[in-house]
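Colleague: Could you take a close look at one helix for me and tell me how it sits among its surroundings? A few words on other spots worth viewing would be welcome too.

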Amino acid sequence: MAISFTLNEREVAAEFPPNRLLIDLLRDHFKLKGTKRSCDMEVCGACTVLLNGQPVSSCTTLAADADQGSIVTIEGLSPEAGLSRIQQAFVDHGAAQCGFCTPGFIVAVTDLLSRNPSPSDDEIRHHLRGNLCRCTGYVKILEAVKSLVPPGREGVKAQVKA
Ligand code: FES
Ligand code: FES
């Protein structure tokens with residue numbers, strides 16, 4: 001099947017079997033290896049990408065679902081030089097740890113902060129519940145995300161909603 005879509009702000013096209021998965025299209029066809037394959041069962045979040053602005057597990061999403069849409073991978077979140085502020089926060093707080101789950105976390109945190117720039121601790125934990133880190137734990141990851149919340153603004157949105 002012919003698939004065309006926007007990949008990290010670039011128009012792309014590919015011939016790809018409609019029953020193959022989005023993670024295969026990204027990793028095997030487009031050689032974007034930042035999206036990680038781990039559980040293959042929509043449990044760990046390592047393969048998270050943005051499809052039409054929504055986080056999805058690329059290991060359970062068909063490649064065909066990208067047709068005429070927009071995909072952003074971890075590669076699309078890095079500026080041409082250097083790191084994004086979220087990536088830098090992970091480095092500064094030692095949150096990359098072994099690093100395997102980090103791309104999925106960065107995509108999920110990008111999604112969270114784009115919707116809610118001032119999340120509370122609970123909102124951060126809730127939003128990242130679909131991303132598993134199996135090596136060291138979550139303390140550093142939470143510290144990195146919390147460092148991105150403007151001082152005094154933690155959970156402002158949640159309080160306004162309550
Ligand atoms: S590899 Fe897709 S959720 Fe784990
Ligand atoms: S940093 Fe190693 S699994 Fe998360």
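Modeller: Happy to! Let's begin with the packing around helix α1: its buried residues pack against four strands, namely β1 (2–7), β2 (10–15), β3 (48–51) and β5 (70–72). Please keep in mind that this is a predicted model. The helix itself spans residues 22–29 and is mostly covered, with six of its eight residues buried. Those six are Leu 22, Ile 23, Asp 24, Leu 25, Leu 26 and Arg 27, so you will find Asp 24 and Arg 27 listed alongside leucines and an isoleucine. In general, an α-helix has 3.6 residues a turn, so residues three or four places apart point the same way. Follow the chain just past α1 and you come to Lys 31, which takes a positive phi of about 60°.

For comparison, have a look at helix α2, which covers residues 85–92 and includes Gln 87. Gln 87 counts as buried because its relative accessible area is 10%, under the 20% cut-off. Setting aside neighbours within four places in sequence, Gln 87 is in contact with Ile 74, Leu 77, Ser 78, Pro 79 and Ile 106.

The cysteines deserve a glance as well. Cys 44 is buried because its relative accessibility is 5%, and Cys 47 is buried too, with a relative accessible area of 3%. As for disulfides, the structure holds zero.

Technical notes:
Residues numbered from 1 in each chain as written. Chains lettered and ligands numbered in written order. Predicted model: local features only at pLDDT ≥ 70, side-chain atom pairs only at ≥ 80, totals over all residues. Heavy atoms only, no water. Disulfide = S-S within 2.5 Å. Buried < 20%, exposed > 50% of the residue type's maximum accessible area, 1.4 Å probe, protein only. Helix = DSSP H or I, 4+ residues; strand = E, 2+ residues; numbered from the N terminus. Contact = heavy atoms within 4.5 Å.
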